[in-house]
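Colleague: I want to go through this model with you. Please keep the answers short.

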Amino acid sequence: MNIKSIRQAIAALIIGVLACGGAAAESLPTPSGKPILSVSGNIAQTNAGAEAHFDRDMLEALGTVSFETTTPWDKERVRFEGVPLGRLLDRLGASGSRLIAVALNDYAAELPIGDVSKYDVLLALKRNGEYMPVRNKGPIFIVYNFDSDPELKSQKFYSRSVWNIARLEVK
């Protein structure tokens with residue numbers, strides 16, 4: 001193979017990837033375990049019709065972070081570990097201005113999507129190193145790092161910290 005053929009092959013490969021929008025590399029796998037989160041609305045990546053379903057392993061594969069913070073529901077600082085909400089939304093190609101978080105009991109709260117870039121907003125899976133059961137705000141708890149900014153220590157942000165998350169809708 002000469003240099004000209006190699007260049008043509010590379011150009012064809014690049015054009016093919018661009019024509020597919022990189023979809024092959026970005027396809028969202030289906031959960032192998034029990035799904036604990038579904039995301040719908042304005043998302044580009046799905047794996048269950050118009051929704052994206054995630055089991056715990058899929059969420060953790062996005063990469064986890066942790067922080068310690070005080071909350072109005074606990075007497076001592078708590079260490080939360082989970083997936084940054086912005087990372088999940090980026091992975092799904094989400095576009096919109098708000099997010100509706102719905103709990104297992106159908107309680108719902110609205111969060112501005114701008115919060116995910118402005119603050120540390122976490123889809124917490126663990127509390128003090130242990131996975132959270134449903135009876136203790138699990139399996140997923142949207143939590144802000146309340147100690148990172150005095151503005152976050154208000155009812156406005158406490159009400160956005162929904163526990164027992166089952167669904168997210170991007171609007």
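The questions and answers below cover the overall make-up, the strands, the salt bridges and one loop residue.

Colleague: What kind of model is this, and what is left out of the side-chain values?

Modeller: This is a predicted model: local features need pLDDT of at least 70, side-chain atom pairs count only at pLDDT 80 or more, and totals for chains, interfaces and linings use all residues. Residues are numbered from 1 along each chain as its sequence is written, and side-chain values use heavy atoms, leaving out hydrogens and water.

Colleague: How many helices and strands does the protein chain have?

Modeller: Both come from DSSP runs, numbered from the N terminus: helices are H or I with at least four residues, strands are E with at least two. The protein chain has six helices and 10 strands.

Colleague: What share of the residues is buried?

Modeller: Buried means under 20% relative accessible area, exposed over 50%, and partly exposed in between, with a 1.4 Å probe and protein chains only. The protein chain has 171 residues, and the buried share is 39%.

Colleague: What area does the protein chain expose?

Modeller: Areas come from the Shrake-Rupley method with a 1.4 Å probe; for residues, only the protein chains shown count as cover. Carbon and sulfur atoms supply 52% of the exposed area, which is about 9400 Å².

Colleague: What is the strand order in the open sheet of five strands?

Modeller: Two strands pair if DSSP finds at least two bridges between them. Pairing in this sheet is mixed. The edge strands, S2 (52–54) and S6 (108–112), each pair on one side only. The order is S2-S1-S10-S5-S6.

Colleague: Which residue of S10 is the bridge partner of Gly 41?

Modeller: Strand S1 covers residues 37–41. S1 and S10 pair in the parallel sense over four bridges. In S10, the partner of Gly 41 is Val 170.

Colleague: How many of the residues of S7 are buried?

Modeller: S7 pairs antiparallel with S4 over five bridges. Four bridges join S7 to S9 (residues 141–144), also in the antiparallel sense. The strand is largely enclosed by the rest of the structure, because its buried residues number seven of the seven.

Colleague: Which residue of S9 stands opposite Leu 123?

Modeller: Leu 122 in S7 faces a different partner, Pro 84. For Leu 123, the residue opposite in S9 is Ile 142.

Colleague: Which residue in the turn between S7 and S8 has a positive phi?

Modeller: S7 and S8 (residues 130–131) run antiparallel, joined by two bridges. Lys 126 stands opposite Tyr 131 in S8. The two strands form a hairpin with two residues between them. With a phi of about 50 degrees, the turn residue is Asn 128.

Colleague: How many salt bridges are there?

Modeller: Side chains of opposite charge can pair when their charged atoms come close. The cut-off is a side-chain nitrogen of Lys or Arg within 4 Å of a carboxyl oxygen of Asp or Glu. By this rule the count is nine.

Colleague: What is the N to O distance between Asp 74 and Arg 127, and where do the two residues sit?

Modeller: Asp 74 is in the loop between S3 and S4, and Arg 127 is in S7 (residues 121–127), 53 residues apart. Asp 74 counts as buried because its relative accessible area is 19%. Arg 127 is buried too, at 16%. Their side chains meet in a salt bridge with an N to O distance of 2.4 Å.

Colleague: Is Asp 115 buried or exposed?

Modeller: The side chains of Asp 115 and Arg 160 meet in a salt bridge at 2.7 Å, N to O. Asp 115 lies in helix H5 (residues 115–118), 45 residues from Arg 160. Arg 160 has a relative accessible area of 12%, so it is buried. At 7% relative accessibility, Asp 115 counts as buried.

Colleague: Which residues are linked with Glu 68 in a network of salt bridges?

Modeller: Glu 68 forms a salt bridge with Arg 79, with the closest N and O atoms 3.8 Å apart. Glu 68 is partly exposed at 38%, and Arg 79 is partly exposed at 37%. The network links Glu 68 with Arg 77, Arg 79, Asp 147 and Lys 153.

Colleague: Which residues does Val 162 touch?

Modeller: Val 162 is in the loop between H6 and S10. It counts as buried because its relative accessibility is 2%. Contact means heavy atoms within 4.5 Å. Not counting residues up to four places away in sequence, Val 162 touches Ala 101, Ala 103, Tyr 107, Ala 109, Ile 140, Phe 141 and Ile 142.
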